Amino acid sequence: MAERLLVVEDDTTLRELLSASLRLAGFEVRAVTTGAEAMEAVLHDPPDLVVLDVMLPDFDGFEVVRRLSGARSGAPAPAGPPPVLFLTARDAAEDRISGLSAGGDDYVTKPFNLEELILRIRAILRRTAGRPSDAHLVVADLVLDPEGHHVTRGGVPVLLSPTEFSLLRVLMEHVGQVLTRRQLLDAVWHYDFGGDDSIVASYISYLRRKVDTGEPKLIHTVRGTGYVLRRPARCTP
C-alpha cells in the first residue's frame with residue numbers, strides 16, 4: 001500500500017509540482033493550502049507524513065505542529081501525530097532550530113532538489129514506521145512502549161516527536177553502550193545521502209529537556225566519542 005502524504009503549501013505552482021512529483025514517486029498525495037486545513041486533514045484522516053510549508057496565510061507551520069502535538073493549552077491533538085518535514089524559504093539557523101524544536105522531523109529549504117526531498121521523505125517514513133515488539137524498554141523509571149508509541153518517566157507521560165521517540169528507543173536498546181553520532185545518524189535517520197551529523201546533537205538536547213528534567217540523569221555525552229544512556233549506579237536492571 002502506498003504511503004499517504006499531506007502536502008501543505010499555499011503557492012499553487014509549487015503545490016501542484018510537489019503533488020505530481022510525489023505521486024510519480026509512488027506516494028498517495030492530498031494537498032491543502034492553509035494551517036487550518038492541515039489541522040482538519042490530520043485530525044480526521046491522518047497521513048503517514050506531512051510536507052509542511054512554514055509560511056502559510058493563516059498561521060505558520062511551526063504553530064500547526066505545536067497544535068498537533070498538543071503543546072499549546074486547549075489545542076486538539078491526535079494520539080501520535082504524524083511525522084513532519086518542514087519545507088520553507090526561511091534558512092536561518094534559528095528557524096531550523098525552531099522547526100525541529102516544535103516537533104518537526106526534518107527541515108528542507110527552498111529551492112530544493114526534488115530527488116533529495118523524496119529521499120528525505122522515505123528516510124523519515126522508514127525510521128518512524130516502527131518495529132513490532134511487545135516488550136517495553138525500561139531503564140530506571142524511564143519506560144518506552146514500542147507498540148503504543150508511549151513514554152513515561154516516573155509515571156509521568158513524556159510527549160516526544162516521532163524522531164525523538166526513535167532516538168530514545170535506539171539509546172534504550174543499547175543501554176550502557178556509547179554510540180557515535182554517525183551510528184545514531186544511521187540508526188535513526190537512515191539517510192541515503194551524506195547526512196549532517198550535527199542534527200544528532202540537536203535531538204539529544206531536545207530529548208534531555210523532556211526526559212532528563214530531574215534526577216538521576218540518564219543521557220550522557222562521552223566527549224569526543226558520542227552519547228550513551230546509562231542506568232543510575234544504584235538502579236536495578
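**Reading peptide bonds, a sheet and a core**

Author: Pro111 sits in the loop between strand S5 (106–109) and helix H5 (114–128), and the model in which we read this loop is a predicted one.

Reader: Which residue does a cis peptide bond join to Pro111, and how should such a bond be read?

Author: As a general idea, most peptide bonds are trans, and most residues other than glycine have a negative phi. In this model, the bond between Lys110 and Pro111 is cis, with omega at about -5 degrees. Another cis bond links Glu215 to Pro216, where omega is about 0 degrees, and Pro216 belongs to the loop between H8 and S11.

Reader: What is the phi of Ala140, and is that residue buried, partly exposed or exposed?

Author: Ala140 is not a glycine, yet its phi is positive, at about 55 degrees; the residue is found in the loop between S6 and S7. Because its relative accessible area is 26%, Ala140 is classed as partly exposed. His149 likewise has a positive phi of about 55 degrees without being a glycine, and lies in the loop between S7 and strand S8 (150–153).

Reader: In what order do the strands of the open sheet run, and which helices pack on them?

Author: Strands of a sheet pair through backbone hydrogen bonds, in either a parallel or an antiparallel sense. Here three strands form an open sheet in the order S10-S12-S11, with antiparallel pairing, and the edges are strand S10 (179–180) and strand S11 (219–222), each of which pairs on one side only. Between S10 and strand S12 (residues 226–229) there are two bridges, and Thr180 stands opposite Gly226 of S12. Helix H6 (residues 162–173) lies across S10 and S12, at about 75 degrees to S12, while helix H8 (residues 198–211) touches S11 and S12, its direction making about 145 degrees with that of S11.

Reader: Which residues touch the most other members of the largest nonpolar core, and where does Leu160 stand in relation to Leu168?

Author: In soluble globular proteins, nonpolar side chains tend to be buried together. The largest nonpolar core in this model has 29 residues, of which Leu168 and Leu229 touch the most other members; its largest share, seven residues, comes from H8. Beyond its sequence neighbours within four places, Leu168 contacts residues including Leu160, Leu207 and Leu229. Leu160 itself lies in the loop between strand S9 (156–157) and H6, and counts as buried because its relative accessibility is 12%, under the 20% limit.

Definitions and conventions. Residues numbered from 1 in each chain as written. Predicted model: local features only at pLDDT ≥ 70, side-chain atom pairs only at ≥ 80, totals over all residues. Heavy atoms only, no water. Pairing = 2+ DSSP bridges. Helix = DSSP H or I, 4+ residues; strand = E, 2+ residues; numbered from the N terminus. Contact = heavy atoms within 4.5 Å. Axes fitted to C-alpha atoms, helices over the stretch in contact; angles between N-to-C directions. Buried < 20%, exposed > 50% of the residue type's maximum accessible area, 1.4 Å probe, protein only. Core = buried A, V, L, I, M, F, W, Y, C linked by side-chain atoms within 4.5 Å.
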